[in-house]
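I opened this notebook to keep track of what I looked up, going from the sheet to single residues.

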Amino acid sequence: MKVLLSSLEIGESAVVRGYCKENRMHRERLLSMGVTPGVSLKVLRYAALGDPIEILVRGFGLSLRRSEADTVYVERSEA
């Protein structure tokens with residue numbers, strides 16, 4: 001089942017499945033940073049007020065604004 005990246009809890013892993021069509025600017029930026037469909041990621045931490053979100057993707061930590069994370073559809077994974 002696809003959910004938004006921003007809905008994952010700390011420590012959860014997921015696979016990117018797609019993007020919302022509404023915000024093309026965020027999509028292009030995320031693609032250029034390596035957050036592409038099929039890539040695995042893990043939520044490392046949230047800031048005190050929930051923004052930004054730090055994820056581990058392709059072996060590096062990446063901080064995303066909640067508005068960016070709200071554009072990424074992921075599928076939860078066990079690993």
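The entries below follow the order in which I looked things up.

**Entry 1, the sheet.** I note at the outset that this is a predicted model. I looked up the strand order and found an open sheet of six strands, arranged β1-β6-β2-β3-β4-β5, with antiparallel pairing. I then turned to its edges, where β1 (2-4) and β5 (60-64) each have a single partner strand, so one side of each is left without a neighbour in the sheet. For the twist I recorded an average of 45° from one strand to the next.

**Entry 2, strand β2.** I asked how many residues of β2 are buried. For this strand, residues 13-19, I found that six of its seven residues are buried, and I therefore describe the strand as mostly covered, taking buried as under 20% relative accessible area. On one side I counted three bridges joining β2 to β3 (residues 40-46), the two running antiparallel, and I noted that alanine 14 faces leucine 41 of β3. With β6 (residues 72-77), also antiparallel to β2, I found six bridges; among the pairs I wrote down tyrosine 19 with valine 72 and glycine 18 with tyrosine 73.

**Entry 3, the core.** I looked up the largest nonpolar core, which has 19 residues, and listed those with the most contacts inside it as Leu5, Leu8, Val16, Leu41, Ile55 and Val74. The elements giving two or more residues to this core are β2, β3, β4 (53-57), β5 and β6. I followed leucine 41 further and, setting aside residues up to four places away in sequence, found that leucine 41 touches Leu5, Leu8, Glu12, Ser13, Ala14, Val16, Ile55, Leu56, Val57 and Val74.

**Entry 4, glutamate 75.** Which strand holds glutamate 75? I placed glutamate 75 in β6, and I record this residue as partly exposed, because its relative accessible area is 32% and the partly exposed class lies between 20% and 50%. Glutamate 75 and valine 15 are 60 residues apart in sequence, yet I read a C-alpha to C-alpha distance of 5.3 Å. Apart from neighbours within four places in sequence, the contacts I listed for glutamate 75 are Met1, Ala14, Val15 and Arg17.

**Entry 5, aromatic rings.** I searched for aromatic pairs and found zero in the structure. I did find a charge over a ring, since the charged end of lysine 2 sits over the ring of tyrosine 73, 5.7 Å from its centre, and the cut-off for that distance is 6 Å.

How values were computed. Residues numbered from 1 in each chain as written. Predicted model: local features only at pLDDT ≥ 70, side-chain atom pairs only at ≥ 80, totals over all residues. Heavy atoms only, no water. Phe/Tyr/Trp six-rings, centres within 6.5 Å; stacked < 30°, edge-to-face > 60°. Lys NZ or Arg CZ within 6 Å of the ring centre and 35° of its normal. Buried < 20%, exposed > 50% of the residue type's maximum accessible area, 1.4 Å probe, protein only. Pairing = 2+ DSSP bridges. Axes fitted to C-alpha atoms, helices over the stretch in contact; angles between N-to-C directions. Core = buried A, V, L, I, M, F, W, Y, C linked by side-chain atoms within 4.5 Å. Contact = heavy atoms within 4.5 Å.
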